[in-house]
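I opened the notebook to look up how the chains sit together and what lies inside them. My entries follow the order in which I checked things.

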Number of protein chains: 2
Amino acid sequence: MSQPLRLGIAGLGTVGIGVVKIIRRQAALLEARTGRPIEIVAVSARDASKDRGVSLSGYAWETDPVALAKRDDVDVFVELMGGHEGPAKDATEAALATGKDVVTANKALLAHHGQALAETAEAAGKVIRFEAAVAGGIPVIKSLTEGLAGNEITRVMGVMNGTCNYILTRMQDAGLPYDEVFEEANQLGYLEADPNLDVGGIDAGHKLSLLSSIAFGTKVNFDGVELEGIQRISIEDINQAASMGFKIKLLGVAQLTGRGLEQRMSPCLVPADSPLGQLKGGTNMVVIEGDAVEQVVLRGPGAGEGPTASAVMGDVCDLARGFRVATFGQPAAGLKDVPTASSNSPAPYYLRTSLLDRPGAMAKIATALGDAGVSIDRMRQTQHDSSEAPVIIVTHKTQRRQLEEAIAAMRASDVMASEPVALRIETV
Amino acid sequence: MSQPLRLGIAGLGTVGIGVVKIIRRQAALLEARTGRPIEIVAVSARDASKDRGVSLSGYAWETDPVALAKRDDVDVFVELMGGHEGPAKDATEAALATGKDVVTANKALLAHHGQALAETAEAAGKVIRFEAAVAGGIPVIKSLTEGLAGNEITRVMGVMNGTCNYILTRMQDAGLPYDEVFEEANQLGYLEADPNLDVGGIDAGHKLSLLSSIAFGTKVNFDGVELEGIQRISIEDINQAASMGFKIKLLGVAQLTGRGLEQRMSPCLVPADSPLGQLKGGTNMVVIEGDAVEQVVLRGPGAGEGPTASAVMGDVCDLARGFRVATFGQPAAGLKDVPTASSNSPAPYYLRTSLLDRPGAMAKIATALGDAGVSIDRMRQTQHDSSEAPVIIVTHKTQRRQLEEAIAAMRASDVMASEPVALRIETV
């Protein structure tokens, strides 16, 4: 019989327990598929006494994840603790230093330290696999790194934060304001301890930066992601978008242009009847475009015990089979360091603001847009009772900086009653 | 520098030329990703003099694909000729016998001889990779074999024949009858030399049988696929389905039940606003359901030079990286030989027929259904000028064999003017 692949699992939250359950339930299947038994030898978590609904008595217990990572009887260190500093980073480094491969679901860690960790892994002849870090159960890292390896990737897009998508979907379905749905999501435990990781677009930005690196062969550059959260999206925006045939999604887009790497994660309007527009709740979707394959769209659950554990196990099975693709799909030393380019490709924009109800107000706004070279496709002043008149404008295709110029001129005028919300309209 | 991976390519049609173009265009990228140069050393096709729009002068030319397969300077034999007997089979066997890995786009070959070929490959320590054989550019074989390897797969579904989907979409969009669109597709070169491979569901059935084998760890059993083509779908069916919020798709479904392996490829009604319902033209979609991942949906181009060549190159890159997953995801000798189960899970059905315009005709049909235990959800007799009255019936959930019983009773009556068309309604 072949040697077993021996795992040390650090972190026994939802995902960690999901992994334990799969390994116990599917032992025979996993061995048939990979040619060797997959065994858990040791686990680590903060609280050893907690009942996690599954027996852990067969595994050695380490209170310190670094000690777990260093164990001689561990082949693969499975890091499911999270956090981009502290124990997760220390233990990952310790695992690599002592010759283990690493499987992780930790997007923050890789978004911040991916390049250094990949170089460390490479020097040790090991790899870091992170299918579970991006888009939950969807095998997107594998598709990009391996399945589509024959392509020059031209663009990657995606909805990759289930919590934001839940909030936006729920606002629309229930007609509830942002604050109320945010609180609801919080009660349901859908939000990270720091909610800004979700609603500020940071978590999704982490994921996008990892996909970019693989897609374009560039060093992970999370700081280069233009981030905009969903906190300012109102029920009014959602309803107005719906009335024009759009939905609002927190959408990531990355592409490598002659000017550098463009990465943005921001709320956008997408056609309601498009695959992206139809995504509900926690479902994720990633769109990959390549010079040969044209467009591939992958959809699946973005989080949850089973789906995320499935992704972890995909990586574990690869390692059991002896497949060690480089962390970001090619040697880390060869990844390019390209400049950050601001995302300036022309697109139509949705603009919502409100004006003081006085003669000439609308003219000033229209002039501000016209002077900046922004042409108006549709403009609508909705009914109002107060002294502030809500205005919705849809522009023709324009560059973001022209729109910023127009917005600056609006602000400088004396007719604005609220700070404008500007959302890009993506028609893919 | 690492040793190059040396390819011999047999078949220089659309896909073969697509592969040549990628290897020439992306040499540096492929080497960066796989760690070694990928080189074409020899090619083979019927006509050496034909201008294929790309220079082949750097490659040795073999008129006999078997001779190409046996060359000492070839590491990987790339079979892009097609056909399940003859040169494709002979050359694949010759390649395996002389110690080459094989990459193929040939679903017919594997549907008919997959088990024997996989065993031959295994005995030689080699593999057959066939990403391009199923769903064009979508990395579905890789997702199923590797990315979702931690799952017990519970069901696989898909629209996997672009030509059928083109015909059905075009009938609806242009309001044209089947025969006319069939002829149009023929003129456009969309149909196989034997059109029944497409419209009879055989090609899609081949693909489904390969997915089943990987998904359930069973021997490829193409003969066990219940096949039904789209030849009897009328514009009337498409319009009636549309009026009820459905589209008609040639849909494959495979699942392993306690009774055995169910595999069917047949025209079905799916909700118009579902991902499957929205597929247009040559786009393919595969839905994979697993015990951990829940549901993953993959969409992409089902054919064409670039997408299919992309899939071939995904396999080639795996081999360049030294990744050799077993042909059907686990050792061929261990694949189970399970009985074929008829697909009998209850579903609502759409039924179209026409009745002789005489008193009591409708009552006889209703009685035939009722006697077989089939309950009617909706029934509609449409306007007619002739002596035949078109009737559309939608049943409540029923088993196929109950429906067959009812149809047999209808046939035995004296009121039927045409043979009924019965289509399953799938609500996933």
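Entry one, the core. I worked from a predicted model. I looked up its largest nonpolar core, which has 272 residues. Val312(A) and Val312(B) touch the most other members of that core. I then listed the contacts of Val312(B), leaving aside neighbours within four places in sequence. Val312(B) is in contact with four valines, Val15(B), Val19(B), Val78(B) and Val103(B), and with Ala105(B) and Ala132(B).

Entry two, the two copies. I laid chain B on chain A, and a turn of 180° with a shift of 0.0 Å along the axis gave an RMSD of 0.0 Å. The two copies are therefore related as by a two-fold rotation axis. Which C-alpha of chain B is nearest the axis? I found that of Leu298(B), which is 2.3 Å from the axis. I also noted that both copies use the same surface, since 100% of the contact residues of chain B recur in chain A.

Entry three, the contact. I noted 46 residues from chain B and 46 residues from chain A in the contact. On the side of chain B that touches chain A, the elements giving two or more residues are three helices, H2 (27–34), H6 (140–147) and H12 (305–320), and strand E12 (294–301). By class, I recorded 21 nonpolar, 16 polar and nine charged residues on that side of chain B.

Entry four, the strands. I looked at strand E12 (residues 294–301) of chain A and saw that it pairs with E12(B) in the antiparallel sense, over three bridges. Val297(A) has Arg299(B) as its bridge partner in E12(B).

Methods. Residues numbered from 1 in each chain as written. Chains lettered and ligands numbered in written order. Predicted model: local features only at pLDDT ≥ 70, side-chain atom pairs only at ≥ 80, totals over all residues. Core = buried A, V, L, I, M, F, W, Y, C linked by C-beta atoms within 7 Å. Buried ≥ 20, exposed ≤ 12 C-beta atoms within 10 Å, placed from the backbone. Contact = placed C-beta atoms within 7 Å. Least-squares fit on C-alpha atoms with pLDDT ≥ 70 in both. Nonpolar A, V, L, I, M, F, W, Y, C, P; charged D, E, K, R; others polar. Pairing = 2+ DSSP bridges.
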